[in-house]
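Subject: Structure handover

Hi,

Here is the structure I promised to pass on to you. Please open it alongside this note, and I will walk you through what turned up.

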Amino acid sequence: MNGSVMRTQPQSASILPPQFRALCPPPQLLPGENIDHYQAVQAAIFHDISPQSAIEWLIAIDIAELSWEMQRYRALRHKLLSSYRQKAIEMTLRRIDVAGIPPDLQDLAKIHTMKNALDWQLDPLAATDIETRLHSYGFDQQTLNMEVYVQAREVLSLFEALLNGAHFRRLVLLRELNRFRRSAPANSNRGATRQLVSSKWNVYVAGAEPLSDE
C-alpha cells in the first residue's frame with residue numbers, strides 16, 4: 001500500500017511458481033509494519049506447507065496472511081497496554097492524593113492527578129519521581145501492571161476475540177489442507193479406474209474381445 005511495498009513486491013512474488021503468482025495479492029501493511037518481516041513469515045509458511053496445486057497455494061496464502069494478522073494483533077495489544085499505563089498511573093495516584101480530600105475539592109484533586117500522570121508520560125525525571133513515590137506507598141511495577149490490565153480490560157477483550165478468530169480460521173484452513181491432500185490420492189485412483197473402464201468399454205464396442213483384469 002506504499003512505495004516500499006510495491007518496490008519489494010517482486011521479491012515476495014518470486015516465492016511462488018510463475019503460474020500461481022496471480023493468486024497472491026500485494027501485502028496490505030499498516031504504517032510502521034515491516035515488509036521484510038511480512039515476507040519472512042510468508043516464506044516460512046510456504047516452505048513448511050510446500051504447496052503444489054493452485055488450491056494448496058490459495059490455502060497457504062491465506063494461512064500466511066492469518067499468521068501475519070496474529071502477529072499484528074499481538075503487537076497492537078502490547079502498544080495498547082503501554083498506552084494504558086498512563087491511565088493506570090493516574091488511577092493509582094488518585095488512591096494516594098484524593099483519599100481524604102473533602103468532596104468539594106475532589107474534582108480539583110483529580111485534575112491534579114491527571115496532570116501528574118501526563119508529566120509521567122512526557123518527562124522522564126517526573127516519571128522517576130512519581131514511580132518512587134508510588135513505590136513508597138507499596139505500588140510497585142507489578143501492581144501497576146495489574147492496574148493497566150484493569151483499565152484496558154474492555155479493549156483487551158476485543159484483541160482477544162481478534163486473536164482467537166484468526167487462530168480458529170487458521171486451524172480450519174490447515175484441516176482443509178489436510179483433507180484436500182488425503183483426498184487427492186483417492187481422486188487420482190478413481191480417475192485411473194474410470195480411464196481403465198472407459199478403455200475396456202471402447203475396445204468392447206469396437207468388436208474386440210474385452211480385456212481381462214490381469
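Let me start with Ala64, which touches Val41, Gln42, Ile45 and Phe46 once residues up to four places away in sequence are set aside. Ala64 is found in helix H3. With a relative accessible area of 4%, Ala64 falls under the 20% limit and is therefore buried. Its C-alpha atom is separated by 9.0 Å from that of Tyr38, although the two residues are 26 apart along the chain. Do keep in mind throughout that this is a predicted model.

Now for the overall picture. The protein has 8 helices and 0 strands, so to speak a plain α-α-α-α-α-α-α-α pattern when read along the sequence. Of its 214 residues, 30% are buried. Among contacts with a separation of 6 or more, 70% are between residues 24 or more positions apart. The accessible surface comes to about 13900 Å², and carbon and sulfur atoms account for 59% of it.

Next, the aromatic rings, of which the structure holds 3 pairs. One of them joins Tyr38 and Trp68 in an edge-to-face arrangement, with 5.4 Å from centre to centre and 80° between the planes. Because Tyr38 lies in helix H2 and Trp68 in helix H3, this pair ties together parts that are 30 residues apart in sequence. Both rings belong to buried residues: Tyr38 has a relative accessibility of 6%, and Trp68 has 7%.

Phe46 and Trp57 make another edge-to-face pair, at 5.0 Å centre to centre and 80° between the planes. It links distant parts of the chain, with Phe46 in helix H2 and Trp57 in helix H3, 11 residues apart. Phe46 and Trp57 are both buried. Together with Phe20, these two residues form one aromatic cluster.

Phe46 also turns up in the nonpolar interior. The largest nonpolar core has 31 residues, and the members that touch the most others are Leu16, Ile45, Phe46, Ile49 and Ile63. Helix H2 (35-49), helix H3 (54-83) and helix H8 (153-205) each supply at least two residues of this core. H3 gives the most, with 12 residues. For a closer look at one of the well-connected members, try Ile63: leaving aside neighbours within four places in sequence, Ile63 is in contact with Ile45, Ile49, Arg170, Leu173 and Leu174.

Apart from this core lies another one, of 10 residues, including Leu93, Ile96, Ala117 and Phe139. Ala117 is also one of the contacts of Glu90, a residue you may want to click on. Where is Glu90 placed? Its place is in helix H4, residues 85-97. Is Glu90 buried or exposed? Glu90 is buried, because its relative accessible area is 7% and the cut-off for buried is under 20%. Not counting residues up to four places away in sequence, Glu90 touches Thr113, Met114 and Ala117.

Happy browsing, and do write back with any questions.

Best wishes

How values were computed
Residues are numbered from 1 along each chain as its sequence is written. This is a predicted model: local features need pLDDT of at least 70, side-chain atom pairs count only at pLDDT 80 or more; totals for chains, interfaces and linings use all residues. Side-chain values use heavy atoms; hydrogens and water are left out. A nonpolar core is a set of buried Ala, Val, Leu, Ile, Met, Phe, Trp, Tyr and Cys residues joined through side-chain atoms within 4.5 Å. Buried means under 20% relative accessible area, exposed over 50%, partly exposed in between (1.4 Å probe, protein chains only). Helices (H or I, at least four residues) and strands (E, at least two) are DSSP runs, numbered from the N terminus. Contact means heavy atoms within 4.5 Å. Accessible areas come from the Shrake-Rupley method with a 1.4 Å probe; for residues, only the protein chains shown count as cover. Rings of Phe, Tyr and Trp (its six-membered ring) pair if their centres lie within 6.5 Å; planes under 30 degrees apart count as stacked, over 60 as edge-to-face and the rest as tilted.
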